[in-house]
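Hi,

Here is the structure I promised to pass on. Have a look at it first, and my notes follow below.

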Amino acid sequence: MGRDGIGLVLGAGGVVGQAYHAGVLGALDEVLGWDPRTADVVVGSSAGAITGTLLRLGLPAADLEAMAGGGPLSPAGAALVARVLPDQGDLPAPSAGSWLRPLRLPAPALLARVARRPWTVRPDVVAMTLLPAGRVDVRDRAAPLHRMVGDHWPHRLWICAVRRDDGTRVVFGREGSPPAPLAAAVLASCAIPAYFCPVTIGGVEYFDGGVHSPTSADVLRRGAPEVVVVVSPMSAESLPGRRPDALVRWSAHRRLDREVRRLRAAGARVVRVEPSAGMLGVMGFRAMDEGRSARVAEAARAETVRRIAAGWFEALGATGSRSSA
């Protein structure tokens, strides 16, 4: 990846987050003329792992929007989605009992990490490693993707997950990371602790990449592309006030601040896309609320169109035009 490249980071956020991705990317494609499938590298965490995989398999942003809004897809897009994401019914809602079961003891690998490099260990991530294993097994949902791609890995798709025994982030698809089938990596990145069963890859258990960071934009700091676009459904553009999820969203915003500083120190121009206060009202509080998808995608598109008109994406427009010339 050269210094003239474009990196696309797609953050966590559940079903609502996927709809937010769809609206933002649809506007960037149609209004700005930048096709997100042409990004030099795509980084996905949790919901972003699903969106990023669909893009790398060739699904256009317009079809992502159609999926979120329940509209008709292009013939090629409909055929792809039917193969990769056939209708398998709704997932069961997590119960309070999922979170109230006894904690597990710290794994030896975690204790060793704390002893060797305590400054790398975050208490919030440690807490997630101590939660009991989830009980909802979603391996069958990834079977169609595995049948389609097998061990093939799309070009420069990086999927973030967390190793359950010691809380270390792992970036599947990046050179030097453990080998993994694409379907297993996507499942691992989406495996919410204490709700979904951890995903075993190479004898090691992994869970949701959003546990380490809702975005993980900083994985691009080495050899950073010229422009990095970060779409972050879980954070907020400004302090979200008295909302029940205010602390979570502000924490995600501050973590993204740190990641952006690292990218800029590496020479990248960063365009960060976070929900505004008005957008948060449309998104609600439940990340898995499929009933909001159409409204979220529509509102995200409208907000992105306004931001394009205000010049937010000038760096992306200039770089995209240059790379397509």
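**Ser235 and its partners**

The side chains of Ser235 and Glu274 are joined by a polar contact of 2.7 Å. This is a predicted model, so please read everything here with that in mind. Ser235 has a second polar contact, also of 2.7 Å, between its side chain and that of Ser232. As for where this serine sits, look in the loop between strand S7 (227-231) and helix H10 (246-265). Is Ser235 buried or exposed? Its relative accessible area is 0%, so Ser235 counts as buried. Leaving aside neighbours within four places in sequence, Ser235 is in contact with Arg249, Ala252, His253, Leu256, Glu274, Pro275 and Leu280.

**Arg307**

Glu274 and Pro275 turn up again in the contacts of Arg307. With neighbours within four places in sequence left aside, the other residues that Arg307 touches are Tyr20, Glu237, Val273, Ser276, Trp312 and Phe313. Arg307 belongs to helix H12 (residues 293-309). With a relative accessible area of 6%, Arg307 is buried, because the cut-off for that is under 20%.

**What packs on H12**

Two helix pairs involving H12 are on my list, and I'd start with H1. The axes of helix H1 (residues 14-32) and H12 come within 7 Å and cross at roughly 40°. H1 and H12 are therefore oblique to each other, and their crossing is right-handed. On the H1 side, the residues that meet H12 are Val15, Val16, Ala19, Tyr20, Gly23, Val24, Gly26, Ala27, Leu28, Glu30, Val31 and Leu32. From H12 come Ser293, Val296, Ala297, Ala300, Arg301, Glu303, Thr304, Val305, Arg307 and Ile308. By class, the residues of this contact between H1 and H12 divide into 14 nonpolar, 4 polar and 4 charged. Arg307 and Tyr20 both belong to this set.

The other partner is helix H3 (residues 61-69), which packs against H12 at an angle of about 140°, with the axes 7 Å apart. That angle makes H3 oblique to H12, because roughly antiparallel would need an angle over 145 degrees. The contact brings Glu65, Ala68 and Gly69 of H3 to Ser293, Ala294, Ala297 and Arg301 of H12. Its residues divide into 3 nonpolar, 2 polar and 2 charged. If you're colouring H12 by partner, note that Ser293, Ala297 and Arg301 meet H3 and that Ser293, Ala297 and Arg301 also meet H1.

**H9 and H2**

How many residues of helix H9 (residues 182-190) are buried? The count is 9 of 9, so H9 is mostly covered. The buried residues are Leu182, Ala183, Ala184, Ala185, Val186, Leu187, Ala188, Ser189 and Cys190.

One neighbour of H9 is helix H2 (residues 47-56): the two axes come within 7 Å and cross at roughly 150°. H2 and H9 are therefore roughly antiparallel to each other. Ala47, Ala49, Ile50 and Thr53 in H2 meet Leu182, Val186, Ser189 and Cys190 in H9. By class, this contact has 6 nonpolar, 2 polar and no charged residues.

**Leu10**

Next, a strand residue. Leu10 is in strand S1 (residues 6-10), and with a relative accessible area of 0% Leu10 is buried. Leaving aside neighbours within four places in sequence, Leu10 is in contact with His21, Leu25, Val42, Val43, Gly44, Ser45, Gly48, Thr51, Gly52, Leu55 and Val231. For a sense of scale, Leu10 and Pro75 are 65 residues apart in sequence and 25 Å apart in space, C-alpha to C-alpha.

**Two backbone angles to check**

Most residues other than glycine have a negative phi. Two residues are worth a look on that score. Arg156 has a positive phi of about 50° although it is not a glycine. Arg156 lies in the loop between helix H8 (139-149) and strand S3 (157-163), and is partly exposed, with a relative accessible area of 25%. Ala194, also not a glycine, has a positive phi of about 70°. Ala194 is placed in the loop between H9 and strand S5 (199-201). Is Ala194 buried or exposed? Its relative accessible area is 2%, so Ala194 is buried.

Cheers

Terms used
Residues are numbered from 1 along each chain as its sequence is written. This is a predicted model: local features need pLDDT of at least 70, side-chain atom pairs count only at pLDDT 80 or more; totals for chains, interfaces and linings use all residues. Side-chain values use heavy atoms; hydrogens and water are left out. Helices (H or I, at least four residues) and strands (E, at least two) are DSSP runs, numbered from the N terminus. Buried means under 20% relative accessible area, exposed over 50%, partly exposed in between (1.4 Å probe, protein chains only). Contact means heavy atoms within 4.5 Å. A polar contact is a pair of N or O atoms within 3.5 Å; within protein, one must be able to donate a hydrogen and the other to accept it, and residues adjacent in sequence count only if both atoms are side-chain atoms. Axes are lines fitted to C-alpha atoms, for helices over the stretch in contact, and angles run from 0 to 180 degrees between N-to-C directions. Angles under 35 degrees count as roughly parallel, over 145 as roughly antiparallel, 65 to 115 as roughly perpendicular and the rest as oblique. A crossing is left-handed if the near helix is turned anticlockwise from the far one by less than a right angle, and right-handed if clockwise. Ala, Val, Leu, Ile, Met, Phe, Trp, Tyr, Cys and Pro count as nonpolar, Asp, Glu, Lys and Arg as charged, and the others, Gly among them, as polar.
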